[in-house]
Amino acid sequence: MVGYDPKPDGRNNTKLQVAVAGSVSGLVTRALISPFDVIKIRFQLQHERLSRRDPNAKYHGIFQASRQILQEEGLTAFWKGHIPAQILSIGYGAVQVYNTLRHAVGTMYRSEGPQVFYKGLAPTLIAIFPYAGLQFSCYSSLKHLYKWAMPAEGKKNENLQNLLCGSGAGVISKTLTYPLDLFKKRLQVGGFEHARAAFGQVRRYKGLMDCAKQVLQKEGALGFFKGLSPSLLKAALSTGFMFFWYEFFCNVFHCMNRTASQR
């Protein structure tokens with residue numbers, strides 16, 4: 001995991017074990033928070049207000065959206081897109097046959113060419129560096145604050161510290177970079193307006209600046225933060241779980257190494 005040094009805290013993990021711990025923590029975390037990601041994206045792509053008072057709004061709240069998705073599409077809908085997301089989280093490619101993934105890739109390539117896979121790249125690149133930097137700097141700062149504010153007995157529970165500080169870091173960094181995530185999703189679905197029509201209004205964007213301009217003009221400043229609530233839940237849980245499971249697996253490897261050295 002980026003920013004991790006296995007030596008100062010007394011653990012004797014190898015670089016391979018650190019890499020495995022990061023990969024497995026990503027896999028477990030992605031599986032647990034996938035439903036929040038699905039709901040967040042539905043909110044981001046809805047041009048209508050997320051309100052019961054808007055008769056054209058398909059979704060207007062996390063619980064209502066969850067019930068509706070479950071009723072209309074079944075439980076597996078909360079893990080749509082999970083396979084490519086897992087590949088991204090784990091950090092390596094695997095050669096396996098997934099018919100739905102292969103069909104989607106083939107259809108997208110034939111209809112719009114290779115550039116279709118890079119839609120939304122600009123806001124992604126703009127957001128990724130500040131998000132990663134904020135996440136780790138906030139995590140470090142929150143850990144210092146936790147140690148200062150927590151009584152001596154509470155400081156012994158490192159798992160709780162990692163979970164709380166990781167969650168807080170995820171919430172702060174996600175909120176500050178959220179509009180770029182919304183722009184990315186809007187740009188990525190360009191060219192598939194016919195599929196989007198069943199969910200409400202359809203708009204086309206010429207690029208990042210045009211997308212930002214249209215959202216501001218037609219949806220107001222709050223439009224930049226559509227889907228923020230499920231996104232914050234996802235960010236808090238994913239970052240918290242990521243650090244929690246990462247530290248957990250690093251400790252497991254450390255115990256295994258210590259046991260092996262004592263034989």
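A residue counts as exposed when its relative accessible area is over 50%, and as buried when that value is under 20%. The exercises below concern a predicted model.

**Exercise 1. Determine which residues of α2 are buried, which are exposed on the face turned away from the buried side, and whether the span of α2 is as expected.**

Solution.
1. Helix α2 covers residues 62–73, 12 residues in all, and at 1.5 Å a residue it should span 16 Å. The C-alpha atoms at its ends are 16 Å apart, so the expected span and the model agree.
2. The buried residues of α2 are Ile62, Gln64, Ala65, Gln68 and Ile69. Because they cover an arc of only 160° around the axis, they lie on the same side of α2.
3. This buried set packs against α1 (15–45) and α9 (228–261).
4. On the face turned away from the buried side, α2 carries the exposed residues Phe63 and Gln71.
5. After α2 comes Gly74, with a positive phi near 85°.

**Exercise 2. Identify the residues of the largest nonpolar core and state which helix gives the most to it.**

Solution.
1. The largest nonpolar core has 12 residues, among them Tyr178, Leu187, Tyr205, Cys211, Val215 and Leu228.
2. Helices α6 (158–188) and α8 (208–219) each supply at least two of its residues. The most comes from α6, which gives five.
3. Tyr178 is a member of this core. Beyond its neighbours within four places in sequence, Tyr178 is in contact with Lys40, Gln44, Phe224, Phe225, Lys226, Gly227, Leu228 and Ser231.
4. A second, separate core consists of nine residues, including Val38, Ile39, Ala65 and Phe78.

**Exercise 3. Classify the aromatic pairs Phe43–Tyr59 and Phe183–Phe224, and locate each ring in the chain.**

Solution.
1. A pair of aromatic rings is described by the distance of the centres and the angle of the planes.
2. The structure holds seven aromatic pairs. In one of them, Phe43 and Tyr59 are 6.4 Å apart centre to centre with 45° between the planes, a tilted arrangement.
3. Phe43 belongs to helix α1 and Tyr59 to the loop between α1 and α2, so that the pair links parts of the chain 16 residues apart. Both Phe43 and Tyr59 are buried.
4. For Phe183 and Phe224 the ring centres are 5.6 Å apart and the planes stand at 90°; the pair is therefore edge-to-face.
5. Phe183 lies in helix α6, and Phe224 lies in the loop between α8 and α9, 41 residues apart. Phe183 and Phe224 are both buried.
6. Phe244, Trp245, Phe248 and Phe249 form one aromatic cluster.

Key: Residues numbered from 1 in each chain as written. Predicted model: local features only at pLDDT ≥ 70, side-chain atom pairs only at ≥ 80, totals over all residues. Heavy atoms only, no water. Core = buried A, V, L, I, M, F, W, Y, C linked by side-chain atoms within 4.5 Å. Buried < 20%, exposed > 50% of the residue type's maximum accessible area, 1.4 Å probe, protein only. Helix = DSSP H or I, 4+ residues; strand = E, 2+ residues; numbered from the N terminus. Contact = heavy atoms within 4.5 Å. Expected span 1.5 Å × (residues − 1). Arc of directions from axis to C-beta. Phe/Tyr/Trp six-rings, centres within 6.5 Å; stacked < 30°, edge-to-face > 60°.
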